[in-house]
Amino acid sequence: MFEQAIKNYLQQHSYNTLCLKAVLFDMDGVLFDSMPSHAQSWHDTMERYGFNLPYEEAYMHEGRTGASTINIVSRRERGKDATEEEIQEIYKTKTIEFNKYPKAKRMPGAKEVLEKIKANGLFSMVVTGSGQTSLLERLNSNFPDIFKPEVMVTAFDVKHGKPHPEPYLMALQKGNLQPNEAIVIENAPLGVRAAVDAGIFTIAVNTGPLADEVLLNEGANLLFPSMQAFCDHWETIRKEIK
Ligand code: CA
């Protein structure tokens, strides 16, 4: 299965090999089990402003900027974009709602696989649309000695959110990497799309309620049902890449 997926990727991009140097990790829903709280706070906040954003639909928008999500719902239900003031107020409320939840725990398997990757002499990077100020602190306390701030990509680094490939292209640039020198770990359809459009081999981990097909249809090269499953198969994947 892994061998065929790698062959297909190489053929599609006219590369001879995957020459792995780095693993690029999305954050929410990959490193942290934070998506249920995000989805619920989106749903509750939008309801308060008279909009309907079902819990599961929030997973379809994961990775978009807040403004873009709000406008999609506003256009659907009112036929027009939200005003700048509305966007700011709704997004602020959503953030307050989200912060009421306990801090998200590490996704099972995440720390273990990051340590394996480091022991293999490869480096890991975080590529997230999140703009939380305490992000680096949180990453370092949960995953000590893994991530370097100078090769992180956050909301502050890019103009376009996912599904635009900019976050992953920026990661390649910051990490001094060619597309075939990295792989991406993503849980969201729009994140998979961004990584695939950046030309990087993309592994989906389906940690949410969406069907596998939703992630595969965006072009994921491989799919695992959890971070633990990805962690358990890491050695095999790494050997296939070599
Ligand atoms: Ca995510």
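This dialogue walks through the sheet, the two domains and two backbone details of a predicted model.

Q: In what order do the strands of the open sheet stand?
A: Read a sheet from one edge to the other. Here five strands form an open sheet, and the order is β2-β1-β3-β4-β5. The pairing is parallel.

Q: Which strands stand at the edges?
A: Look for strands with a single partner. In this sheet they are β2 (123-126) and β5 (222-224). Each has one partner strand, so one side of each is left without a neighbour in the sheet.

Q: What does the twist average from one strand to the next?
A: The average is 25° from one strand to the next.

Q: How many bridges join β1 to β3?
A: Take the two strands by residue number. Strand β1 covers residues 22-25 and strand β3 covers residues 182-186. Four bridges join them, and the two run parallel. For one pair to find in the structure, start at A22: its bridge partner in β3 is A182.

Q: How is the protein divided into domains?
A: Check whether a domain is one stretch of chain or several. Domain 1 is 2-34 + 106-241, and domain 2 is 35-99. So much for the bounds; now the spacing. The C-alpha centres of the two domains lie 25 Å apart.

Q: How many residues are in contact between domain 1 and domain 2?
A: Count from each side. Domain 1 brings 16 residues, which are in contact with 13 residues of domain 2.

Q: What is the area buried between domain 1 and domain 2?
A: It is about 1200 Å². Carbon and sulfur atoms give 61% of that area. Then ask who supplies it. On the domain 1 side, S34, L190 and P209 supply 39% of the area buried against domain 2, more than any other three residues.

Q: How many residue pairs are in polar contact between domain 1 and domain 2?
A: The count is three, with both residues at pLDDT 80 or more. Salt bridges are a separate check. Across this interface the rule finds zero of them.

Q: Where is the peptide bond that is cis?
A: Start with the general idea. Most peptide bonds are trans. Now the case here. The bond from K162 to P163 is cis, with omega near 15°. P163 sits in the loop between α7 (135-142) and α8 (166-174).

Q: What is the phi of S14, and is the value positive or negative?
A: Again, the general idea comes before the case. Most residues other than glycine have a negative phi. S14 is not glycine, yet its phi is positive, near 55°. Look for S14 in the loop between α1 (2-13) and β1.

Methods. Residues are numbered from 1 along each chain as its sequence is written. This is a predicted model: local features need pLDDT of at least 70, side-chain atom pairs count only at pLDDT 80 or more; totals for chains, interfaces and linings use all residues. Side-chain values use heavy atoms; hydrogens and water are left out. Two strands pair if DSSP finds at least two bridges between them. Axes are lines fitted to C-alpha atoms, for helices over the stretch in contact, and angles run from 0 to 180 degrees between N-to-C directions. Domain bounds come from an automatic or database domain assignment. Contact means heavy atoms within 4.5 Å. Buried area is the accessible area (1.4 Å probe) that two parts lose on being put together, summed over both. A salt bridge is a side-chain nitrogen of Lys or Arg within 4 Å of a carboxyl oxygen of Asp or Glu. A polar contact is a pair of N or O atoms within 3.5 Å; within protein, one must be able to donate a hydrogen and the other to accept it, and residues adjacent in sequence count only if both atoms are side-chain atoms.
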